[in-house]
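Reader: I would like a close look at a single part of this model, with the contacts around it spelled out. Please keep to what can be computed from the atoms.

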Amino acid sequence: MSDNRRSALIALAALGIRFAAPAKAAKPGKTARIGRLSPLSAETDAPGMDAFRKGLRELGWGEGRDFVIEARYTDGNPKRLPELAAQLVRQRVIGSSSWN
């Protein structure tokens with residue numbers, strides 16, 4: 001298993017998403033909203049986001065159909081963290097983080 005796929009699977013496990021039956025993970029007609037909070041810029045975090053999306057696709061999840069990702073980036077400014085986290089909380093997302 002590649003490191004990218006392993007990282008995506010670990011992130012999903014932390015989110016509590018069931019891998020064996022994606023259709024059962026959310027109610028029919030519901031789309032999971034995944035929040036991602038990163039200390040990086042969108043450009044710098046792109047490889048991590050790509051790996052995360054790829055892992056979800058390999059598990060049978062379709063972006064836009066089964067999930068959407070709401071990503072927020074601090075662009076290296078930790079003072080933005082509370083504001084960005086509050087945005088994600090208001091949107092009622094489940095969590096993901098690129099912080100290791």
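Which residue in β2 is the bridge partner of G35?

Author: The model is a predicted one. In it, G35 has E70 as its bridge partner in β2. That pairing belongs to a set of seven bridges that join β1 to β2, and the two strands run parallel. Together with α3, they make a β-α-β unit, which is right-handed.

E70 also takes part in a side-chain pairing. A salt bridge connects E70 with R33, and the closest N and O atoms are 3.2 Å apart. R33 sits in strand β1 (residues 32-38) and E70 in strand β2 (residues 67-73), so the pair links distant parts of the chain, 37 residues apart. R33 counts as partly exposed because its relative accessibility is 31%, which lies between the limits of 20% for buried and 50% for exposed. R33 and E70 do not stand alone: salt bridges that share partners join them and R72 into one network.

Seven salt bridges are found in a search of the whole structure. Another of them involves R36, which pairs with D45 at 3.0 Å between the closest N and O atoms. Here D45 and R36 are both buried. A further one joins E63 to R53, with 2.9 Å from N to O. E63 lies in the loop between α3 (42-58) and β2, whereas R53 is in helix α3, ten residues apart. E63 counts as partly exposed because its relative accessibility is 41%. R53 is also partly exposed, with a relative accessible area of 22%.

The nonpolar side of the picture involves the β-α-β elements as well. The largest nonpolar core has ten residues, among them A32, I34, M49, F52, I69 and Y73. At least two residues of this core come from each of β1, α3 and β2. In soluble globular proteins, nonpolar side chains tend to be buried together. As for β2, five of its seven residues are buried, and the strand is mostly covered.

M49, one of the core residues, ties these groups together. Leaving aside residues up to four places away in sequence, M49 touches R36, I69, A71 and Y73. Of these contacts, I69 and Y73 are listed in the core with M49, while R36 is the salt-bridge partner of D45.

Terms used. Residues are numbered from 1 along each chain as its sequence is written. This is a predicted model: local features need pLDDT of at least 70, side-chain atom pairs count only at pLDDT 80 or more; totals for chains, interfaces and linings use all residues. Side-chain values use heavy atoms; hydrogens and water are left out. A salt bridge is a side-chain nitrogen of Lys or Arg within 4 Å of a carboxyl oxygen of Asp or Glu. Helices (H or I, at least four residues) and strands (E, at least two) are DSSP runs, numbered from the N terminus. Buried means under 20% relative accessible area, exposed over 50%, partly exposed in between (1.4 Å probe, protein chains only). A nonpolar core is a set of buried Ala, Val, Leu, Ile, Met, Phe, Trp, Tyr and Cys residues joined through side-chain atoms within 4.5 Å. Contact means heavy atoms within 4.5 Å. Two strands pair if DSSP finds at least two bridges between them. A crossover is right-handed if, with the strands pointing away from the viewer, the path from the first strand over the helix to the second runs clockwise.
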